[in-house]
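Student: I would like to go through this structure and ask, for each label, what it rests on.
Tutor: Go ahead; each label will be set against its cut-off.

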Amino acid sequence: MPFIPHTDDEVAAMLAAIGAESMEALFDEIPPSLRARGIDAVPPGLTEMQVARLMTERAVDCGAPLCFIGAGAYEHHIPAAVWEIATRGEFYSAYTPYQAEASQGTLQLIYEYQTMMTRLTGLDVSNASLYDGASALAEAVLMAVRSNRATHSRRVLMPRTVHPAYRDVVQAIVRHQGITLEAIDYDRAAGAVDAEGLDDTPGEAAALVIQQPNFFGALEEIDTLTDWAHRRRMLVIAVVNPIALGLLKPPGEWGEAGADIACGEGQPLGIPLSSGGPYFGFMCCKRDLVRQMPGRIVGRTVDVEGRPGYTLTLQAREQHIRRSKATSNICTNQGLMVTAATQYMALLGPEGLRRVAVASHANTTALVERLCAIKGVSQLFEQPFFHEAALRVDADVDALLDRLADAGILGGYSLKRDYPELGGGLLVCATETKSGQDIERYATTLIGELGRV
Amino acid sequence: MSEIPADLRFTSTHEWIEDEGDGTVRVGITDHAQSLLGDMVYVELPEVGRVVVAGEECAVVESVKAASDVYSPIAGEIVEVNELLTEGPDLVNKDPYGEGWLFRVQIAEGGDLSGLLDADGYAEAIAAEEA
């Protein structure tokens, strides 16, 4: 479908029809103090040729560093077929189609995506995706508060081992809706929530959030935590890495009853690292919560002749029907990212996904062992990890990372700002993309830099 | 023309109210409302024990083409809900004044039904809406 902008003549005709003098006049009712007067930080426009040149120069400046940063976005090998298929004309749109009669291919793809996600998370239903991992968690928190009729509580327990940026985003979205996030501290030795110590947490809550693996890469005691929360009539919101689910227990099987909602960042499934996006969020839940789930859902049905067909379903939750009472007014859907993720999962299959997970875990284990053999480097926490781990380095971590970057190595994520109590920690990650040589190069460079800092 | 039983009371938001004579009322949506909404696919009922004020939203009826809030016609406490609707929301279409009832309210102290419409009043309200 081509994008057809209005011509000046058409704009003039439309303005004349409604009796407005100009486009500007349409915004008159917004008080001047609330209106943006241009965007200072954005420079004037450039031509396509100038932009192409600028971007080429920037790319050269960036070089091709060896990346050991995870912290929520992960470098994985993406089979060439993934984007070859995703960018075909038939799929090349960022939006979920709502015209079933014109969009069977895309709708079937989303249906298959949903099926894959429910199998990966062990839950009953998946939506067609959300904006990103952090906003998916915010939506999950809102959904849990709406759904939990047993407690009617507007408190949600949010461990500090949940991604700090996710916690910020959730706070920004829920704070004006009368929802309180209660921070739960972590065990300093384990690097995970102390499941035994939770009994001191006072009061009722609508939900407990559990990130697995957590922001430190460490594994939480999901079964104990899930059962603890369910005994207190809370819902359990799982924040999970989809690659890790190739190896770890799916949220639907946590504890005795399973997590109620699972959400997370879909980027590891075939989306390249690119300045923070576009990525996509995913969300799955138990069947009895489906009417409180935000976002679109594609269903499979039959047409008048009994042939299978696909269409959006359960739309009464959505804003075009429920207006202000919709389960979410975010309908921006990362359709193209989901197309890539679906191709990625289809190409890898369960066994391929498991191998990526195993290789990522093995490489991170090798990286941690190698780095911790260096004097002045040790592991921060005792808890087992998946493909990311926190290290203590006897040096100014931020300065060290700058020097490593100069040497072409992105050495990890500094924990100093988000976890000052750790006195400077370094979060490192090695996915299946890293070789033994890469790890050795990091170690050798680090030894050199530690001698200098 | 939809059915408007003479022995019931009504609201302008299309709820019907039946006085049970024991301090409770039974509430549902009218024949007119169900015919406008079309085939019901889901009914979200309030929790038993919930205290409501008159005019408070306490249920949602969802049809193939719309979802609508249902308001409590009177202040009180929800004492019973129609569990049959969980599996059979179409009862609201088939028998709106009988098996398709939604919930029962124990009327709060001092409350009465005098502010509600009678059958003629409701018929006028519909006519005004359609005019």
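Tutor: Domain bounds here come from an automatic or database domain assignment. By that assignment chain A is divided into domain 1, covering 66-75 and 356-452, and domain 2, covering 80-343. The model is a predicted one.

Student: What makes the two domains of chain A count as touching, and how many residues take part?

Tutor: Two residues are in contact if their C-beta atoms lie within 7 Å. By that rule, 22 residues of domain 1 of chain A are in contact with 22 residues of domain 2 of chain A. On the domain 1 side of chain A, helix 9 and strand 12 are the elements that give two or more residues. Helix 9 of chain A gives the most, with 5 residues. That side of domain 1 of chain A divides into 13 nonpolar, 5 polar and 4 charged residues. The centres of domain 1 and domain 2 of chain A, taken over C-alpha atoms, are separated by 29 Å.

Student: Which strands of chain A are called edge strands in the sheet of order 11-12-15-14, and why?

Tutor: The sheet of chain A is open, has 4 strands in that order, and is paired antiparallel. Strand 11 (377-379) and strand 14 (413-414) of chain A each have a single partner strand, so one side of each is left without a neighbour in the sheet, and both stand at the edges.

Student: How do you know that strand 11 and strand 12 of chain A pair?

Tutor: Pairing requires at least two bridges between the strands. Strand 11 and strand 12 (residues 388-393) of chain A have 3 bridges, in the antiparallel sense, so they meet the cut-off. A:V377 stands opposite A:V393 in strand 12 of chain A. Helix 9 (residues 335-372) of chain A packs on this sheet and touches strand 11, strand 12 and strand 15 (425-429) of chain A. The direction of helix 9 makes about 135° with that of strand 11 of chain A.

Student: What makes strand 9 and strand 10 of chain A a pair?

Tutor: The same test applies: at least two bridges are needed. Strand 9 (residues 297-302) and strand 10 (residues 308-313) of chain A are antiparallel over 6 bridges, so they qualify. A:T301 stands opposite A:G309 in strand 10 of chain A. The hairpin of these strands of chain A has 5 residues between them, and A:G306 takes a positive phi near 85° there.

Student: Why is A:S129 called buried?

Tutor: A residue is buried if 20 or more other C-beta atoms lie within 10 Å of its own. A:S129 has 26 C-beta neighbours inside 10 Å, so it counts as buried. A:S129 is in the loop between strand 2 (125-126) and helix 5 (133-147) of chain A. Phi of A:S129 is near 115°, a positive value in a residue other than glycine.

Student: Why is A:R233 called partly exposed?

Tutor: A count of 12 or fewer would make a residue exposed, and 20 or more buried; partly exposed is in between. A:R233 has 14 C-beta neighbours inside 10 Å, so it counts as partly exposed. A:R233 lies in the loop between helix 7 and strand 6 (235-240) of chain A, and its phi is near 65°, a positive value in a residue other than glycine.

Student: What joins A:Q212 and A:P213, and where is A:P213?

Tutor: A cis peptide bond joins A:Q212 and A:P213, with omega about -10°. A:P213 sits in the loop between strand 5 (207-212) and helix 7 (222-231) of chain A.

Student: Which strands of chain B are edge strands in the sheet of order 4-6-7?

Tutor: That sheet of chain B is open and has 3 strands with antiparallel pairing. Strand 4 (40-44) and strand 7 (67-71) of chain B each pair on one side only. Strand 6 (residues 57-63) and strand 7 of chain B are joined by 5 bridges, and the bridge partner of B:A59 is B:V70.

Student: How many residues does each chain give to the contact between chain B and chain A?

Tutor: The contact takes 5 residues from chain B and 5 residues from chain A. The chain B side divides into 3 nonpolar, no polar and 2 charged residues. The model scores ipTM 0.74 and pTM 0.88.

Key
Residues numbered from 1 in each chain as written. Chains lettered and ligands numbered in written order. Predicted model: local features only at pLDDT ≥ 70, side-chain atom pairs only at ≥ 80, totals over all residues. Axes fitted to C-alpha atoms, helices over the stretch in contact; angles between N-to-C directions. Nonpolar A, V, L, I, M, F, W, Y, C, P; charged D, E, K, R; others polar.
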